Amino acid sequence: MKPALPLLRGSETCPSGVSYAFTTRLGGVSVGPLATLNLARTAGDTDSAVVENWRRVAAAMQVSVEQVALLTQVHGCDVARVVAPAGPLDVVAVADAAVCTEPGVLLTVRVADCVPVLFYAPGGVAVAHAGWRGAAGDIVTKTALALAEATGQPMSSVRAWVGPCIGAESYETGPEVVDALVSSGVDRSVAGPPGPWEREHADVRAVVDVQLRRLGVCVEHIRRDTATDDTLFSYRGDNGVTGRLAGVIVLRA
């Protein structure tokens, strides 16, 4: 019997109508720099390894791999509506967020430093990929609003789980990134927190948190820094040669 995957979840009780998790880099079959649970078809990995990795994630979420719905993420702010998987590990949309009201579809979002956000409201689920461009474009607000509209629920019924991502201490960047985050309506002290560093640092997680809370969304964080945690993939920490983590969520019948 294969060992259970070390999936990450929050400490608060999960509603009965949904299951969610964030993967680590552990528990898969990929080798080399992408070892072991790489969840993206990238150079340096085999298709058979990625398929097996997804089979393990799907099994851990008590669905089949045929129920996995993947996005091609492009650092934009489009929110797709998903009604069914396209096929075993086929892409359902080119978008950085998606909403689904159909039970049994495993919505996914893949990251290696960006902020993965999973959403639930009675009757639907959603995912969002918030890099600094997505956060500057307020993608999480657009996703939460789309989920509330699709389910007919008030924003007070929407829950969000924010997964592992690069922390502010690790995210040294230029002023243009912090300026873009501030343009979304977030204070500069949040987007580019002061610290003992010479160049500016960006806190995309904090920006996403502000954007969600000002909507009235209930937010829980899994606070792990991808750049410093060796159980997680990190594009920056691994110098660009790395695998992909995933946030996954499924509406139960």
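Okay, start with Asn38. Its side chain reaches the backbone oxygen of Ala40 at 2.8 Å. That side chain also has a polar atom 3.0 Å from the backbone nitrogen of Arg244. One thing to keep in mind throughout: this is a predicted model.

So where does Asn38 sit? It's in the loop between β1 (18–22) and α1 (47–60). And is Asn38 buried or exposed? Its relative accessibility is 0%, so Asn38 counts as buried. If you leave out neighbours within four places in sequence, Asn38 is in contact with Ser30, Asp45, Val50, Asn53, Phe233, Gly243 and Arg244.

Stay in that loop for a second, because Arg25 lies between β1 and α1 too, and with a relative accessibility of 13% it counts as buried. A polar atom of the Arg25 side chain is 2.9 Å from the backbone oxygen of Ala35. Not counting residues up to four places away, Arg25 touches a long list: Pro33, Leu34, Ala35, Thr36, Leu37, Asp230, Thr231, Leu232, Phe233, Asp238 and Leu245. Phe233 is on the contact list of Arg25, and Phe233 is on the one for Asn38 as well.

Now step back into strand β1, where you'll find Ser19. Ser19 comes out at 22% relative accessibility, so call it partly exposed; the cut-off for buried is under 20%. Its side chain makes a polar contact of 3.1 Å with the side chain of Arg252. Beyond its neighbours within four places in sequence, Ser19 is in contact with Met61, Val248, Ile249, Val250 and Arg252. Have a look at Tyr120 as well: it's 101 residues from Ser19 along the chain, with 9.4 Å between the two C-alpha atoms.

Next, the greasy parts. As a general point, nonpolar side chains in soluble globular proteins tend to be buried together. Here the largest nonpolar core has 34 residues, and Val117, Phe119, Val140, Val208 and Leu212 are the ones with the most contacts inside it. Which elements supply at least two residues each? Those are β5 (97–100), β7 (115–121), β8 (124–130), α3 (139–151), β9 (159–162), α4 (175–182) and α6 (204–213). The biggest giver is α3, with five residues.

If you want one residue to click on in there, try Leu212. Setting aside residues up to four places away in sequence, Leu212 touches Val117, Phe119, Val140, Ala160, Val162, Val217 and Val219. There's also a second, separate core, this one with 28 residues, including Tyr20, Ala69, Ala80 and Leu107.

On to charges. How many salt bridges does the structure hold? It holds 10. One of them pairs the side chains of Asp138 and Arg214, 3.4 Å from N to O. Asp138 is in the loop between α2 (132–136) and α3, and Arg214 is in the loop between α6 and β10 (218–221), so this pair ties together parts 76 residues apart in sequence. Asp138 is buried, at 16% relative accessible area, whereas Arg214 is partly exposed at 42%.

Another salt bridge is Glu172 with Arg199, where the closest N and O atoms are 3.5 Å apart. Glu172 comes from the loop between β9 and α4, and Arg199 from the loop between α5 (188–191) and α6, so here the tie is between parts 27 residues apart in sequence. Glu172 is partly exposed at 36%, and Arg199 is partly exposed at 44%.

Then there's Arg224 with Asp229, a salt bridge at 2.7 Å, N to O. Arg224 is partly exposed at 27%, while Asp229 counts as buried at 17%. And Asp179, Arg188 and Glu200 are joined into one network by salt bridges that share partners.

Last stop, the pocket. The largest pocket has a volume of about 640 Å³. Which residues lie nearest its centre? Out of 28 lining residues, those are His75, Ala112, Cys114, His129 and Arg244. The lining gets at least two residues from each of α1, β2 (68–72), β6 (106–111), β8 and α2. And that brings us back to the opening: Arg244, in the pocket lining, is the residue whose backbone nitrogen lies 3.0 Å from the Asn38 side chain.

How values were computed
Residues numbered from 1 in each chain as written. Predicted model: local features only at pLDDT ≥ 70, side-chain atom pairs only at ≥ 80, totals over all residues. Heavy atoms only, no water. Core = buried A, V, L, I, M, F, W, Y, C linked by side-chain atoms within 4.5 Å. Buried < 20%, exposed > 50% of the residue type's maximum accessible area, 1.4 Å probe, protein only. Helix = DSSP H or I, 4+ residues; strand = E, 2+ residues; numbered from the N terminus. Contact = heavy atoms within 4.5 Å. Polar contact = N/O pair within 3.5 Å; in protein donor to acceptor, adjacent residues only side chain to side chain. Salt bridge = Lys/Arg side-chain N within 4 Å of Asp/Glu carboxyl O. 1 Å grid on protein atoms, 1.4 Å probe; cavity = no way out; pocket = protein on both sides within 12 Å on 5 of 7 lines; lining within 4 Å. Points joined across faces, edges and corners; volume = space filled by probe spheres on them.
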